[in-house]
Amino acid sequence: MSATQGTTRENEPDRAARAPRRHRIAVLALPGVPPFELGIPSRVFGSVEDAEGRPLYEVTVCTADGAPVLSDAGFFVQPAAGPEALAAADTVILPPTHAMPELGEGGPLPPEVTAAIAGIRPGTRLVSICSGSYVLAAAGLLDGRPATTHWNLAPEFRRAYPKVKVDEEVLFVDDGDVLTSAGVAAGVDLCLHMIRRDHGAAAANRAARMCVVPPWRDGGQAQYIDRPVPEPTVASTTATRAWALEHLGEPLTLARLAEHARMSLRSFTRRFRDEVGMTPVQWLTAQRLELAKQLLETTDLSIDLVSHRAGFGSANSLRAHMRTAFGVSPAAYRRTFSPNDLVGNTS
C-alpha cells in the first residue's frame, strides 16, 4: 500500500464526520398521481451535490399508509416508505392527485391522508406541485396565505377554498415555509428556486444544466393561457429581451426598449405583457435582481459595483429592491449564499 493510499483511508472517517446531513425530502404519492409530477423532486434535487460530489438532498417517495398506489398512467407506484417519512422530513412535497374529485368542491381528505399530514413536524417546509395545492388547502394549511395552482383550475380553487389568496398569474409562490407551484413543469421551476434558496444560484444552475432545463423562466402563467395566435407579421419582443439581458448595466428606459423592438410604446408594452405575463419594468427589475444575486454569490465585487453592473445605479437602490423582493440586504444575502472567501467584502 502506498503512502497516498494510506492517507486517503485514514481521512475517510474524518470526511464522513464533516459531511453535512442531507436535507430530507418526502414526496407523498396519492392515488391518481401523475408520474411526471411525482418524478420531478427526485430528478431535480437528486442532481444537487456539494463541492466534493456528495448529495445534498435525500428524496423519499412515500404513501399515506405505506401501500402501493395506482398512478393516473395505469401502473402502481411502490413507495419506499409510509407516513413515517413525512414525520422525519425537512421538506414535504405534494404532487397532484387525479383520483380525489371531491377536493375540487372543498371536500375532506381521506382519513389516512389527514392522519399522515397531521404527523408532519411543525416547521417542516411544505410544497405543492400543480393541483397538489388542493391537498394543502383541504388540510387547512393554505388558509390566509398566498398560493398558486394551475391557471385552468384557479376559478374552481377559489370557490372551493375562499380563504386562500390565489394568484394564477405566477409560476410559483414562496411564502416562506409553504410554497406552491403552477401546472406541471412549474414544479421544476419551484424545485430549482428551492435549491437556489438553500444553496445559491450556482447550485441551482448546475442542477438545471444536469436536467437540461432553463435555470429561470421569464414571466408567469399568463404567457401559457390560450390566446389567439398573432399573425406572422406581428412583431415580437423576444429579440429585445435577449438584447436587454446583455445590457442590464445600462439605462434601459421603456422608450429605448420600444425603439429597439421598432414598436410604439403602447404596442411594445401590450405585446411584452402578452408574451411574458408582466410589464417590461417588472421583468427588467426581476432580471437585474437575478444578476445582482449571481454577482453577490460568485464575485467579491463591492455592493456599489454590483449595483452598477446590475443596472440599479446605486447601492441604496439595490438595497431597497432586495429588501422588497427578498427581505434581506445585499450584504446579508452575500453572507448567506457566497463562499467563505467572498464573505468578507460587504462594503
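Let's start at a spot on the outside: valine 212 counts as exposed, at 72% relative accessibility. You'll find valine 212 in the loop between helix 8 and helix 9, and its backbone is worth a look, since phi there is near 55°, a positive value in a residue other than glycine. Most residues other than glycine have a negative phi. Bear in mind, by the way, that this is a predicted model.

Valine 212 has company in that respect. Arginine 262 is not a glycine either, and has a positive phi of about 60°. Arginine 262 sits in the loop between helix 10 (254-261) and helix 11. With a relative accessibility of 80%, arginine 262 counts as exposed, because the cut-off for that class is over 50%.

Go back to the loop between helix 8 (201-211) and helix 9 (238-245), and you'll also come across serine 236. How exposed is serine 236? Its relative accessible area is 35%, which makes serine 236 partly exposed. Setting aside neighbours within four places in sequence, serine 236 is in contact with Met263, Arg271 and Glu275. Then there's aspartate 274: serine 236 and aspartate 274 are 38 residues apart in sequence, and their C-alpha atoms are 9.9 Å apart in space.

That brings us to the helices around there. Helix 11 covers residues 265-276 and helix 12 covers residues 280-298; the two pack at an angle of about 55°, and their axes are 9 Å apart. That angle is why helix 11 is described as oblique to helix 12. On the helix 11 side, Phe268, Thr269, Phe272, Arg273 and Val276 do the touching, and they meet Pro280, Gln282 and Trp283 of helix 12. Sort the residues of this contact by type and you get five nonpolar, two polar and one charged.

Now step back to the whole chain. Its secondary structure comes to 15 helices and 10 strands. Of the 347 residues in the protein chain, 46% are buried. The chain exposes about 17,000 Å², with carbon and sulfur atoms supplying 54% of that area. As for how the chain folds back on itself, take contacts between residues at least 6 apart in sequence: 63% of them join residues at least 24 apart.

Next, the sheet. Six of the strands form an open sheet with mixed pairing, in the order 2-1-5-6-10-9. Its edges are strand 2 (57-62) and strand 9 (172-174), each of which pairs on one side only. Neighbouring strands in this sheet are turned against each other by 15° on average, ignoring direction.

Follow strand 10 (residues 178-181) for a moment, as it shows both kinds of pairing. Strand 9 and strand 10 run antiparallel, joined by three bridges, while strand 6 and strand 10 run parallel, also joined by three bridges. In the antiparallel pair, valine 173 stands opposite threonine 180, and aspartate 174 stands opposite leucine 179. In the parallel pair, leucine 126 has valine 178 as its bridge partner. Strand 9 and strand 10 make a hairpin with three residues between them, and glycine 176 in the turn has a positive phi of about 85°. Which way do the residues of strand 10 point? Val178 and Thr180 go one way and Leu179 and Ser181 the other, and all are buried.

Helices pack on this sheet too. Helix 7 (residues 186-199) touches strand 2, strand 5, strand 6 (125-128), strand 9 and strand 10, and its direction makes about 145° with that of strand 10. Helix 2 (residues 35-45) packs on the sheet as well, touching strand 1 (23-28), strand 2 and strand 5 (91-94); here the angle with the direction of strand 2 is about 160°.

Finally, look at proline 34, in the loop between strand 1 and helix 2. Proline 34 is buried, with a relative accessible area of 6%. Leaving out residues up to four places away in sequence, proline 34 touches Asp72, Pro96 and His98. Of these, proline 96 is 62 residues from proline 34 in sequence, yet the two are 6.8 Å apart in space, C-alpha to C-alpha.

Technical notes
Residues are numbered from 1 along each chain as its sequence is written. This is a predicted model: local features need pLDDT of at least 70, side-chain atom pairs count only at pLDDT 80 or more; totals for chains, interfaces and linings use all residues. Side-chain values use heavy atoms; hydrogens and water are left out. Axes are lines fitted to C-alpha atoms, for helices over the stretch in contact, and angles run from 0 to 180 degrees between N-to-C directions. Helices (H or I, at least four residues) and strands (E, at least two) are DSSP runs, numbered from the N terminus. Angles under 35 degrees count as roughly parallel, over 145 as roughly antiparallel, 65 to 115 as roughly perpendicular and the rest as oblique. Contact means heavy atoms within 4.5 Å. Ala, Val, Leu, Ile, Met, Phe, Trp, Tyr, Cys and Pro count as nonpolar, Asp, Glu, Lys and Arg as charged, and the others, Gly among them, as polar. Buried means under 20% relative accessible area, exposed over 50%, partly exposed in between (1.4 Å probe, protein chains only). Accessible areas come from the Shrake-Rupley method with a 1.4 Å probe; for residues, only the protein chains shown count as cover. Two strands pair if DSSP finds at least two bridges between them.
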